[in-house]
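Here's a walk through one protein chain, from the overall numbers down to a few strands and rings. Have the viewer open and follow along.

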Amino acid sequence: KGIERELICPACKELFTHPLILPCQHNVCHKCVKEILFAFEDSLADGGSESSNQSSPRIKMSSSSMDRIDRISRSASQRRSFGWRGRKRNSLTPRSSLFPCPGCQRDIDLGERGINGLFRNFTLETIVERYRQAARAAIAIMCDFCKPPPQESTKSCMDCSASYCNECFKIHHPWGTVKAQHEYVGPTTNFRPKILMCPEHEMERVNMYCEICRRPVCHLCKLGGCHANHRVTTMSAAYKTLKEKLSKDIKYLISKESQVKAHITQLDLLLKETECNSERAKEEASHSFEKLFHVLEEKKSAALRAIEASKNLRLEKLQMQAEEYQGLLENNGLVGYAQEVLKETDPSCFVQTAKQLHVRIQKATESLKSFRPAAETTFEDFVVDIAKQEEILTDLSFLSNGQEVPEINEEKSRMYNKALISWECPGKRDSADIYVLEYHKLNREEESVTWQEIEVCSKSKVISDLDDDSSYAFRVRGYKGSICSPWSREVILRTPPAPGIVFSDVHKVLHLCLSVLRAVGFPLLLGSERMQVGCYTTLDYIIGDTGIAKGKHFWAFHVEAYSYLVKVGVVSSNKIQKLFHNTHDGTSPRNEQDSGHDSGSEDAFFDSSQPFTLVTLGMKKFFIPTTPAAPKDPASRILPLPSCLGICLDCEEGKLGFYDAGGMKCLYECEVDCSGIMYPAFALMGGAAVHLEEAVTAKYGEYHDDI
């Protein structure tokens, strides 16, 4: 009974049934794995995972699990938009390779084979079966071959995968036959194969253990499979090593039984203390909020009183004005009184009364010509501005009490086809359970800033759908329960000027070994835009496999510090053949060693004949090509080489820009003929190396080392 918690599936919360071992080393029932995968695959077509999960009452998923399924569903739908069709509706096996593990709350990559590539945990299955038999000792396992009514079985054959009574066992396993040699055990419903077969190579038995992936493999996996470059050991050696380690650790734990009991006693006291402290904390929190409620109630009462007083005053003024205008009606008020005065025939009496009345009539006439209400009807002056207070209340939380402030690592953070934001805590241990990453686009036109918020369980996050050529501010904070840390320092990163492209491969299209001056150092590099041939140098021209015909595109790369000469840029499909038909004379005085010949007209002809548009890098420097707009001083044309260099090709504008990919600062821009299909081009000489920037993708399968 004490080990029951180890035999419960984290998905269905019941005893394991045909458990599968995930790459993160957690176990989940085979049926649960399929139902979870089907749940988010069906959500792609049904419009949500909630309806799909309702058809699977076996799975008891938390809201966080459903959130992960929704997230994977969105990524799967993105893959579908790029050509992934998904499974057919009548398929019996889900096709997705991503699985939200209910044990470690991570998104696990199951690989190309998906469920079919997972091992069945026969050891755990056997333990579960023994537990079930102990729990249902009164329930007998019946013979599979008796005529009704069946007899109680006395043994089970592991080779036949069936249970027998004594009589049926003798009939089906006669003495002197091959079946008599079958292995039999006590009555059981758990039949496991004698030999564990490789799930990737179904006809091969596993005979090795991969120490990198921590799973059994066959010899074909090691020879040409995904474990070809991994460190493996024999199955017997792995069995011996792991069993010795496990036995030693178990023996150590048993020897510390008294210490464990002492810790249990201490934990019982801590449980009671936690209960008391939590009640005290609830009372203090309630008192704090009651104080806020009291302040708000006072402010509310004062605001309502002010509005009521203003309303009464305005109503009084408007009522008086209405009564005055009511008196201007015939036979009513002032007009009626004036009509009665006009009936007076005595001149002296009439003049005495009419003078004052005439003044009042004139005022009424003027007010009638320019009507204006005596009071405003709007209460715009009484709108309560709570934006600042609302923001403060949104951030209302418990005191951080020493919670470490995370810091965004700008060196590990990248902006390419997507944004990869990484952060770390200054302390040695991670004291946060979850992180909240916020970001917003820097826009001078917007007065108020709206932060977009993402909850992250790890210390990095990939963000997509950011605008090109824009600056974004990022900040992060950590949460441990309800306690949060202060916000980190805001970090501003800029996206590339155009969408990033990714190369699947690069093809070496030409290898040249022709003549060039023997000059060394910066003079050679400064003049290298005219270098095409040489007997002392070797240029390896490489062209990317991705062609660009229209639009605006960006790619980035790193140049090794030891590289002497590297040329980077683009080449047009219309001009590639010129490399094979270049008529430049390698033996002319222009290329003779130390000839001193320097013809400007020859330079002009040579530069115009170049089929490539390239700039030169080398010796940790960036060399601006010679152009009419370039500085005449050679030293002004030399810039420090960025750690990551980016190239932006705008086919619509016919421009090629070279950027410091770290801060997206333009180092040099030139015009380029984009009449043909443009290909990224590289040229390396001698000891030189270029590493293309990899696309930013979500990383799956990052597990703790102690699992």
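What follows covers the chain as a whole, then its nonpolar cores, two sets of strands and some aromatic pairs.

## The chain as a whole

First off, this is a predicted model. The protein chain has 707 residues, and 35% of them are buried. Its secondary structure comes to 13 helices and 32 strands.

If you look at contacts with a separation of 6 or more, 63% of them in the protein chain come from residues 24 or more positions apart. As for surface, the protein chain exposes about 44300 Å², with carbon and sulfur atoms supplying 53% of that area.

## Two nonpolar cores

The largest nonpolar core holds 39 residues, and those touching the most other members are Trp555, Phe557, Val568, Leu617, Phe622 and Leu649. Elements that give two or more residues to this core include strand E23 (552-559), strand E24 (565-572) and strand E25 (612-618). Strands E28 (645-650), E29 (655-660), E30 (665-671) and E31 (678-685) are on that list as well. The top giver is E23, with 5 residues. There's also a second, separate core of 25 residues, with Ala11, Cys101, Ile115 and Leu118 among them.

Back in the largest core, what does Val568 touch? Leaving out residues up to four places away in sequence, Val568 touches Phe557, Thr613, Leu614, Val615, Leu617, Leu645, Ile647, Phe658, Ala681 and Phe682.

## Hairpins E28 to E30

Two of the core's strands, E28 and E29, run antiparallel and are joined by 6 bridges. Leu649, one of the core residues named above, has Leu656 in E29 as its bridge partner. The E28 and E29 hairpin has 4 residues between the strands, and Gly654 takes a positive phi near 70 degrees there.

Next door in the numbering, E29 and E30 also run antiparallel, with 6 bridges joining them. Lys655 has its bridge partner, Glu671, in E30. E29 and E30 form a hairpin with 4 residues between them, where Met664 in the turn has a positive phi of about 55 degrees.

## A three-strand sheet and its helix

Now for an open sheet: 3 strands in the order E10-E9-E11, with antiparallel pairing. E10 (215-217) and E11 (232-234) are at the edges with a single partner strand each, so one side of each has no neighbour in the sheet. From one strand to the next, the twist averages 35 degrees.

Strand E9 (residues 208-210) is joined to E11 by 3 bridges, and the two run antiparallel. Cys210 has Val232 in E11 as its bridge partner. Which strands does helix H7 lie across? Helix H7 (residues 235-255) lies across E9, E10 and E11, and runs at about 90 degrees to E11.

## Aromatic pairs

A pair of aromatic rings is described by the distance of the centres and the angle of the planes. The count here comes to 12 aromatic pairs. One of them, Tyr164 and Phe169, is edge-to-face, at 5.8 Å centre to centre and 75 degrees between the planes. Tyr164 counts as buried because its relative accessibility is 2%, under the 20% cut-off. Phe169 counts as buried too, at 13%.

Another pair, Tyr472 and Phe474, is tilted, with 6.5 Å centre to centre and 40 degrees between the planes. Both Tyr472 and Phe474 are buried. Ring pairs also link Phe145, Tyr164 and Phe169 into a cluster.

Methods
Residues are numbered from 1 along each chain as its sequence is written. This is a predicted model: local features need pLDDT of at least 70, side-chain atom pairs count only at pLDDT 80 or more; totals for chains, interfaces and linings use all residues. Side-chain values use heavy atoms; hydrogens and water are left out. Two strands pair if DSSP finds at least two bridges between them. Axes are lines fitted to C-alpha atoms, for helices over the stretch in contact, and angles run from 0 to 180 degrees between N-to-C directions. Contact means heavy atoms within 4.5 Å. Buried means under 20% relative accessible area, exposed over 50%, partly exposed in between (1.4 Å probe, protein chains only). Accessible areas come from the Shrake-Rupley method with a 1.4 Å probe; for residues, only the protein chains shown count as cover. A nonpolar core is a set of buried Ala, Val, Leu, Ile, Met, Phe, Trp, Tyr and Cys residues joined through side-chain atoms within 4.5 Å. Rings of Phe, Tyr and Trp (its six-membered ring) pair if their centres lie within 6.5 Å; planes under 30 degrees apart count as stacked, over 60 as edge-to-face and the rest as tilted.
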